[in-house]
Amino acid sequence: MQTYTDEQLMQLIREKHSFALRMLYDRYVRLVYSFAVKSGVDAQLAHDIVQQVFTRIWVTEKGYDSGKGQFVNWLLTITRNMTIDHLRKQRNQQRFVSYEVITDSELGAGRPEDCLQDTVSMRMLKDEIKSAYRYLSEKQIQLLRLFYWEGYTLSEIAESKGEPLGTVKNRLHQTLKTLRQHLKSYGEE
């Protein structure tokens, strides 16, 4: 049996030779699967991601360019992007609360005061975070909103703002440091 390099297999895949996709799949399926699982998705979703990664390899016109780096890095980038897409989709779906009958155990064993106390605590924390915003610049507030609330990656934020990734990472570090200083009182109570 002839051993093909990743580049050769990708060329054969572009020419729609299905055996090349099977060989590439056999070579990298465990790596793609374990990468997806380690990224925080469950086993079933990891299987779905594996299938989508190799489907994308099969249907993509552009494909891998050896001049831009190693094949395995390109493959893991595809896997990472698909995993992030799935995690964002899950996060967005969890934002919508379905209307269902809530049991007493879900309301804190039927004690309305517990539910009320949790609600009050969350509102107090939210108010404290908002008040700490006065110590942040507009760029820092926007970074928090984009990264934590809207789910953009630091790379995506850097690209959209036309800033180096290191600058964005440093801004996030300084922002969190400032928030930590001004939220200490909440965490100590």
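Modeller: Buried means under 20% relative accessible area and exposed over 50%, with partly exposed in between (1.4 Å probe, protein chains only). This is a predicted model, in which local features need pLDDT of at least 70 and side-chain atom pairs count only at pLDDT 80 or more, while totals for chains, interfaces and linings use all residues. Residues are numbered from 1 along each chain as its sequence is written, and side-chain values use heavy atoms, leaving out hydrogens and water.

Colleague: What arc around the axis do the buried residues of α7 cover?

Modeller: In helix α7 (residues 154-161; a DSSP run of H or I, at least four residues, numbered from the N terminus), Leu 154, Ile 157 and Ala 158 are buried. They are on the same side of α7 because the arc, taken from the directions to their C-beta atoms, is only 100°.

Colleague: Which residues are exposed on the other side of α7?

Modeller: Leu 154, Ile 157 and Ala 158 are the buried ones. Across the helix from them, the exposed residues are Glu 159 and Ser 160.

Colleague: Which residues of α8 does α7 meet?

Modeller: Helix α8 covers residues 165-182, and its axis is 9 Å from that of α7, at an angle of about 115°. From α7, Leu 154, Ser 155, Ile 157 and Ala 158 take part, with heavy atoms within 4.5 Å of Leu 165, Val 168, Lys 169 and Leu 172.

Colleague: Which residue just after α7 has a positive phi?

Modeller: α7 comprises residues 154-161. A positive phi of about 70° follows directly, at Gly 162.

Notes. Helix = DSSP H or I, 4+ residues; strand = E, 2+ residues; numbered from the N terminus. Axes fitted to C-alpha atoms, helices over the stretch in contact; angles between N-to-C directions.
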